[in-house]
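Trainee: I would like a close look at a single part of this model. Please take one strand and its pairings, then the contact between the chains.

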Amino acid sequence: MKSHARLAAAFLKQEERAHWHDQALWYVREKRDRMAASVPDWEALRETAQAIKRHALANLPRYLEEFERNAAARGAIVHYALDAAEHNHIVLELLKGRNARLVAKSKSMLSEECGLNEFLERNGIEVVETDLAERIIQLAGERPSHIVLPSIHIRKEEVGDIFHEHLGTEKGESDPTRLTRAARTHLREKFLAAEAGISGVNFAVAETGAVVICTNEGNADLGNSLPDLYIAVMGVEKVIPKTKDLSVFLRLLSRSATGQPISAYTSHLLGPRPGQEMHIVIVDNGRSEILRREQFHKAAFCIRCGACLNTCPVYRRSCGHSYNFVIPGPIGTILAMHRDLKKYKDMPYASTLCGSCTAVCPVMIDIHRQIVLWRNEVVKAGYLGRAKLAALKTATLGMKRTRLFRMGGWTVRKLLRILPPFVLDNRLTIWGKFRDLPKMPAQSFRAQYRAYSRRKTDPLGLGANREGRP
Amino acid sequence: MTDSRRLVLNRLKEHAIAGDTSYPAYSHPHTGISDPRRSFQSVIESVGGECRFVADLEAARKAVTGFEVFAMAKQVCSYVKEIADGNFDAEAKADAHQCADVDLTIIRGELGVAENGAVWVNADPLRHRALLFLSGHLILVIKGRDIVPDMESAYARIDFTRLRSGYFISGPSKTADIEQCLVIGVHGAKSLLVLIVG
């Protein structure tokens, strides 16, 4: 398995595409900012959202039972799965029980996590992803590179090629409207022919047993209303206590995700439609372990909006496929580490620790802080590369001893002015590979600070600000 | 399966969530909305829908008759007979699949939400909830007094006790999945007109 750094380097070789990818995501981030600013109570909403999550997750058994009781009273059948394998097995058995050969599926990161599609196809069931982006990815034989915008890395010309090959659109067609129309016709046939529908769940309301699903395309709704069998799959963490809580989460979700005031369709399903069988599969698959880890449990608060991906300077410049875990970016990092510390050891290092992820998170997960803490875990477990470890050990040595630190600083300041650039800018110096050295100051920070403190005046105006004067 | 249920619920009893875990008392009314009707209209238009204010159902009928989509539609399914008679009766169809070619559906919404342009549609009176998403175009009819400022006031008014399915619909079906270009009309309605009566 190649590391994030290697995969990102390969992605960045296509400079024009990398720049386009970065810009496309930044555009979504800016839309999010405008939307957040338009809601006067935004920060208070985030705090309430976190408080509701904290409460709900601390009382999950109670709320799951309440949800289950209410959903069952409406005629839905609730299943529990310990892990991905059991989840896949339950879904397969339900499909087999109704002789379903064709499934119209809506986007679900849980099913990606469980590898549901591959499993069902190995068992002779045709699964058609019905979200446009997911369908593009599926036809291309790829995996999503983003949790909300799965095909954000694919250019329209490439979509044209994929559709030409699989849907018979004209060669060279790259107009988004015409390509979308072609997909509509193609998927409409599948919707009408499907014997079963599967979708993820955005929120499950304990108070009523309602399953709430947000989409823009309307695909989940065709998939859950047309076939006689509908299966909703959800992680245990999706349960919220009350209907009123939806007003908090729905106001945050779409604004954070895509900068929309709300998704085009927000569906509340309480039991099956007449003549339908509705199943809800509630999955743990490691979530209970996340909740048991003191420093890291907040990762389970995530509502999968993707805002932290859109804002992350590393994600935007490296593409979701550079992360080896199914969920990329900052939130993917802190979820992946729970799954397999060794396998995903490079992920916490795919971060500048700038904290932008934490700043945009609608449920206020301290993502960048957790990334630092995971770096600790990687080092403690001995998974850090030798070169990095040696560098860190040297740094620790210097930082622990004041004299040594001062001497080191002095040496570097002097040396860098004399040494020719190639000494650092060569292939052996990993650090210098993608970085330029800053200009060396004449004095150390300590010396500058001492000089500053001795001065009566305040040349930088910092003191004035501190006291709140203009 | 019952074993997994017990195991999952047992595992979740232990957790590391510390500090105050009480359910928060909260209320976050959207204070930035001075004219709910105008806000509603501008949001609906910003998400690709259309919104018209009409004095009464008679004026609504005139507005629909002059509506281009209505003139073009071959199969029209109307649940608001005062506005249009329609020529397709979805209630008479045994199976939702028979509604696949409906061009236009006219139906009442219960609420409009000013902060996000969403219309609450209770689908329970419909024999086929799929109609809302199969229909090529959609006209939603709401009363002027049913526009509320925000989601909190909307949920306070919705009764879930007997509800089987309800939808917030905001704008036509849309996607930006191809290079972030907005395309209206993916799987669901290709256009949405909201008529606000009174």
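Mentor: What follows covers one strand of chain B, then the side of chain B that touches chain A.
This is a predicted model, in which local features need pLDDT of at least 70 and side-chain atom pairs count only at pLDDT 80 or more, while totals for chains, interfaces and linings use all residues. Residues are numbered from 1 along each chain as its sequence is written, and chains are lettered from A and ligands numbered from 1 in the order in which they are written.

Helices (H or I, at least four residues) and strands (E, at least two) are DSSP runs, numbered from the N terminus. In strand β3 of chain B, residues 104–108, 4 of the 5 residues are buried (20 or more other C-beta atoms within 10 Å of a residue's own, with C-beta atoms placed from the backbone). Strands count as paired if DSSP finds at least two bridges between them. Strand β2 of chain B (residues 76–78) runs parallel to β3(B), joined by 3 bridges, and B:C77 has B:T105 as its bridge partner. Strand β6 of chain B (residues 137–143) also pairs with β3(B) in the parallel sense, over 5 bridges; here B:L104 stands opposite B:H137.

Turning to the chains, the contact (C-beta atoms, placed from the backbone, within 7 Å) takes 59 residues from chain B and 74 residues from chain A. On the side of chain B that touches chain A, α1(B) gives the most, with 8 residues. Strand β8 of chain B (165–169) is among the elements giving two or more residues to that side. β8(B) runs antiparallel to strand β9 of chain A (residues 265–269), joined by 5 bridges, and A:T266 has B:F168 as its bridge partner.

Conventions
A residue is buried if 20 or more other C-beta atoms lie within 10 Å of its own, exposed if 12 or fewer, and partly exposed in between; C-beta atoms are placed from the backbone. Two residues are in contact if their C-beta atoms, placed from the backbone, lie within 7 Å.
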